[in-house]
Amino acid sequence: MLIKVTPSNISEFKKACEYEHVFGSRAMTALAAYGTDHDVHRFWLSVEDENVSAFHLNGSVLTVIKEGEKDITDVLEITKQYEIHEIDSDWDLCEKLHAVLGGFTESSYYMVYNGKEPEGKFDDICPADLHDVYSILQQSHEYYRTHLKYDPWAGHLESCMATGLTKVYQLEKGGKPIGTGSIISQDDTHAAVAAVAVVPEYRLKGIGSYITKYLVKEILKTGKTPCLISGYDEVAELYKKIDFVTVGRWGELYI
């Protein structure tokens, strides 16, 4: 049964989001930014016997934070009602949905940090200018060129940054922005690293790892655990070299 999130049941939504802390913290950060009554960002609880799941709809992207038995009835209900193009959830649920809805899937690792606080001062990393970050992302990967439009992307980041739960940084060399990374979302115990990118001419120099270590250091200062979605299995191997470990398999279904 789907239940709209209201101020009276936010604590239940928060508890459901604790099943995992990347998509879960993303949903909690969006809820802090937009509240429970918003036209684009919508939030639901789903109750199945003793299992409570959390749903966050951002435009055409549905995030499902769900444990236990993978009943897809409630997911299909939302998908039918709204024009959903992407569903993010754990891999088992993505496979079940793929069998019914078609489309194509991508999979990546959920990872958490399991090391000491990185050494270094990182004095060349500073709070970002979003125009610079957008330019870096556009240069760094085809995904960003095809999926990001500046105004909605920047507007969402600014709303989340206003909560203090999202922080965006950039690295400059000789006055030129060449890399970026974000603490994209947080909950009570974890903070998610995302959008670490370096312009092509500065790749393969350890800069992505350097930026990630800075983000890890900043998160550890708060007493929280850094976590992330690796994006690609090859990238997961790089994160393992800086003390991230894999703890689950997560997926995206594109319809």
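**Figure 1. Helix H5 lies across three strands of the sheet.** In this predicted model, helix H5 (residues 130-140) touches E8, strand E9 (176-186) and strand E10 (190-198), where contact means heavy atoms within 4.5 Å. The direction of H5 runs at about 100° to that of E9; axes are lines fitted to C-alpha atoms, for helices over the stretch in contact, and angles run from 0 to 180 degrees between N-to-C directions. Helices (H or I, at least four residues) and strands (E, at least two) are DSSP runs, numbered from the N terminus.

**Figure 2. Twelve strands form an open, mixed sheet.** The order of the 12 strands is E1-E2-E3-E4-E5-E12-E6-E11-E10-E9-E8-E7. Strands of a sheet pair through backbone hydrogen bonds, either parallel or antiparallel; here, two strands count as paired if DSSP finds at least two bridges between them. Strand E1 (2-4) and strand E7 (125-127) are at the edges and have a single partner strand each, so one side of each lacks a neighbour in the sheet. From one strand to the next, the twist averages 25°.

**Figure 3. Edge strand E7 pairs with strand E8.** E7 and E8 (residues 167-173) are joined in the antiparallel sense over 3 bridges. Cys 126 stands opposite Gln 170 in E8.

**Figure 4. Helix H3 packs on the sheet.** Helix H3 (residues 73-81) touches E1, strand E2 (41-48), strand E3 (51-58), strand E4 (61-65) and strand E5 (86-90). The direction of H3 makes about 165° with that of E4.

**Figure 5. Helices H2 and H7 cross.** The axes of H2 (residues 23-34) and H7 (residues 150-161) come within 8 Å and cross at roughly 85°. The two helices are therefore roughly perpendicular to each other, a term used for angles of 65 to 115 degrees. H2 contributes Thr 29, Ala 33 and Tyr 34 to the contact, and H7 contributes Gly 155, His 156, Ser 159 and Cys 160.

**Figure 6. The whole protein, for orientation.** The protein contains 9 helices and 12 strands. Its C-alpha atoms fill a box of roughly 55 × 35 × 35 Å, taken along the principal axes. Of the 255 residues, 46% count as buried, that is, under 20% relative accessible area (1.4 Å probe, protein chains only).

**Notes.** Residues are numbered from 1 along each chain as its sequence is written, and side-chain values use heavy atoms, without hydrogens and water. In this predicted model, local features need pLDDT of at least 70 and side-chain atom pairs count only at pLDDT 80 or more, whereas totals for chains, interfaces and linings use all residues.

Notes: Angles under 35 degrees count as roughly parallel, over 145 as roughly antiparallel, 65 to 115 as roughly perpendicular and the rest as oblique. Buried means under 20% relative accessible area, exposed over 50%, partly exposed in between (1.4 Å probe, protein chains only).
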